[in-house]
Amino acid sequence: MSTVDAGLRYSAEHEWVAADGDGAVRVGISAVAADALGDIVYVDLPEVGAVITAGETCGEVESTKSVSDLYAPVSGEITAVNAAASDDPALINSDPYGEGWLFTVAVTAEGPLLSAEEYAAANGGEL
């Protein structure tokens, strides 16, 4: 069973959100999603400076099994992308809540987010 990080909030589309404390958030995909995708071989991330809208696609993740869209869990401007995850997408599988983060956003609005408990209950993950 996949682990759900209790300190994060989640979108229904499997992205996690971690507040940095300065109005920005770090975004990644959950271990539940990474495990379901299998070996991730490519990630297409939004560019720094791009404006994303909660609920809309903002990139994609390609695995040996499929290609899946990334959905913005919040609205705002991209302030950083994780070049290490772009260069080595396997980081998303091996450390989805740490080194496998995807991008940071200066938030202007949040989309509907679930607590870790709600996300785990809906997706079969364990806290």
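The legends below go with several views of a predicted model of one protein chain.

**View 1. The whole chain, with its helices and strands.** Welcome to the overview: the protein chain has 4 helices and 9 strands. Following the sequence from its start, you will meet them in the pattern β-β-β-α-β-β-β-β-β-α-α-β-α. The radius of gyration is 13 Å, close to the 14 Å that the globule rule gives for 127 residues, so the chain is as compact as a globular protein of that length. Along the principal axes, the C-alpha atoms fill a box of roughly 35 × 30 × 20 Å.

**View 2. Inside and outside of the chain.** Here the theme is burial and surface. Of the 127 residues, 43% count as buried. The chain exposes about 6,000 Å², and carbon and sulfur atoms supply 48% of that area. Look also at how distant parts of the sequence meet: among contacts with a separation of 6 or more, 62% are between residues 24 or more positions apart.

**View 3. Lys65 and its surroundings.** The UniProt record, an unreviewed entry, places the feature "modified residue: N6-lipoyllysine" at Lys65. To find this lysine, go to the loop between strand S6 (57–63) and strand S7 (67–71). Is Lys65 buried or exposed? Residues count as exposed over 50% relative accessibility, and Lys65 is at 60%, so it belongs with the exposed ones. Leaving aside neighbours within four places in sequence, Lys65 is in contact with Ala36, Leu37 and Gly38.

**View 4. Strand S3 and its enclosure.** This close-up is centred on S3, residues 24–29. Of its 6 residues, 5 are buried, so the strand is largely enclosed by the rest of the structure. As a reminder for reading any such view, side chains in a regular strand alternate between the two faces of the sheet.

**View 5. The hairpin of S2 and S3.** Strand S2 (residues 15–19) pairs with S3 in the antiparallel sense, over 5 bridges. A handy landmark is Ala19, which stands opposite Val25 in S3. Between the two strands of the hairpin lie 4 residues, and Gly21 takes a positive phi near 90 degrees.

**View 6. S3 beside S9.** Which strand, besides S2, should you look for next to S3? S3 also pairs with strand S9 (residues 103–110), in the antiparallel sense and over 4 bridges. If you would like a residue to start from, try Val27, whose bridge partner in S9 is Phe103.

Methods. Residues numbered from 1 in each chain as written. Predicted model: local features only at pLDDT ≥ 70, side-chain atom pairs only at ≥ 80, totals over all residues. Heavy atoms only, no water. UniProt positions renumbered as here; feature names shortened; annotations may be inferred. Buried < 20%, exposed > 50% of the residue type's maximum accessible area, 1.4 Å probe, protein only. Contact = heavy atoms within 4.5 Å. Pairing = 2+ DSSP bridges. Rg over C-alpha atoms; globule rule 2.2 N^0.38 Å. Areas by Shrake-Rupley, 256 points an atom, 1.4 Å probe, with all protein chains shown as cover.
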